[in-house]
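The exercises below invite you to work through one structure step by step. Try each task with the structure in view before you read its solution.

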Amino acid sequence: MKNILAVCLGNICRSPAAEGILKSMVFEAGKGHEFFIDSAGLLDYHKGKLPDHRMRKSASDRGYELNSLSRPVVAEDFKRFDYILAMDKVVFQELQKMASSEEEQQKIHMMSDYLSEFDYDEIPDPYYGIKKDFELVLDLLEDSCAVFLGKINK
């Protein structure tokens, strides 16, 4: 079983989208039983809430269901998950500070490091943007999630 956690700031846009895309990809590959995929945020401001309605709509238009409830990252996540995927540099740096050992720090990766079709060093936060910003995030996540899964399934 491979355990994957996607992390963004508030856990209502990027990380639940990554969670939904990853789940869809492993399910379509017939490997859903081999993975546990979740998402979380650095902040607990949206704790217990569904993903942003604009992200849910854009994702739904592509066939992804985003129905997880927002939650903050907790210390146990660094023990439970094999891969922790940070959506941007601030999230990456904060996760590095939260990790209690070098082993835990090694689990943290930038989602953008897995991009193959786009030249972005972060997955941008669409929260204050418009529809095209949510679409861009989904484009980036579809690309990076596919590459990431390809690398860990070798």
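A pocket here is an open set of grid points, where a 1.4 Å probe fits, with protein on both sides within 12 Å along at least five of seven lines. Keep in mind throughout that this is a predicted model.

**Exercise 1. Describe the largest pocket: its volume, its lining and the elements that supply it.**

Step 1. Begin with the volume, which for the largest pocket is about 240 Å³.

Step 2. Turn next to the lining, which is made up of 17 residues, and among these Glu19, Gly20, Lys23, Ser24 and Glu65 are the closest to the centre of the pocket.

Step 3. Ask which elements give two or more residues to this lining; they are α1, spanning 14-28, and β2, spanning 35-41. Of the elements, α1 gives the most, with seven residues.

Step 4. Finally, sort the lining residues of the largest pocket by kind, which yields eight nonpolar, six polar and three charged.

**Exercise 2. Carry out a similar description for the second largest pocket.**

Step 1. The volume of the second largest pocket is about 210 Å³.

Step 2. Its lining consists of 13 residues, and those that lie nearest the centre are Leu9, Gly10, His46, Asp125 and Tyr127.

Step 3. Sorted by kind, the lining of the second largest pocket holds eight nonpolar, three polar and two charged residues.

**Exercise 3. Find the largest nonpolar core, and say which element gives the most to it.**

Step 1. The largest nonpolar core has 31 residues, of which Ile4, Met87, Leu141 and Phe148 touch the most other members.

Step 2. At least two residues of this core come from each of β1 (2-8), α1, β2, α2 (53-61) and α6 (131-152). The element that gives the most to this core is α6, with nine residues.

Step 3. Take Phe148 as an example: leaving out residues up to four places away in sequence, Phe148 touches Ile4, Leu22, Tyr83, Leu85, Met111 and Tyr114.

Step 4. There is also a second, separate core of 13 residues, which includes Ala40, Ala86, Val91 and Leu95.

**Exercise 4. Decide whether Glu104 is buried or exposed, and name its partners.**

Step 1. Locate Glu104 in helix α5, which covers residues 102-106.

Step 2. Because its relative accessibility is 7%, Glu104 counts as buried, the cut-off for buried being under 20%.

Step 3. Now look for contacts beyond residues up to four places away in sequence, where Glu104 touches Phe78, Lys79 and Ala99. With one of these, Lys79, the side chain of Glu104 makes a polar contact through the side chain of that lysine, at 3.1 Å.

**Exercise 5. Place Lys89 and Asn11, and classify each by its accessible area.**

Step 1. Lys89 is in helix α4, residues 89-98, whereas Asn11 is in the loop between β1 and α1.

Step 2. Lys89 has a relative accessible area of 38% and is therefore partly exposed, while Asn11, with a relative accessible area of 2%, is buried.

Step 3. For Lys89, setting aside neighbours within four places in sequence, the residues in contact are Met110, Asp121 and Glu122. Lys2, by comparison, is 87 residues from Lys89 in sequence and 24 Å from it in space, C-alpha to C-alpha.

Step 4. For Asn11, examine the backbone, where phi is near 65°, a positive value in a residue other than glycine.

Definitions and conventions. Residues are numbered from 1 along each chain as its sequence is written. This is a predicted model: local features need pLDDT of at least 70, side-chain atom pairs count only at pLDDT 80 or more; totals for chains, interfaces and linings use all residues. Side-chain values use heavy atoms; hydrogens and water are left out. On a 1 Å grid over the protein atoms alone, a cavity is a set of points where a 1.4 Å probe fits but cannot get out, and a pocket is an open set with protein on both sides within 12 Å along at least five of seven lines; lining residues have an atom within 4 Å of a point. Grid points are joined across faces, edges and corners, and a volume is the space filled by probe spheres set on the points. Helices (H or I, at least four residues) and strands (E, at least two) are DSSP runs, numbered from the N terminus. Ala, Val, Leu, Ile, Met, Phe, Trp, Tyr, Cys and Pro count as nonpolar, Asp, Glu, Lys and Arg as charged, and the others, Gly among them, as polar. Buried means under 20% relative accessible area, exposed over 50%, partly exposed in between (1.4 Å probe, protein chains only). A polar contact is a pair of N or O atoms within 3.5 Å; within protein, one must be able to donate a hydrogen and the other to accept it, and residues adjacent in sequence count only if both atoms are side-chain atoms. Contact means heavy atoms within 4.5 Å. A nonpolar core is a set of buried Ala, Val, Leu, Ile, Met, Phe, Trp, Tyr and Cys residues joined through side-chain atoms within 4.5 Å.
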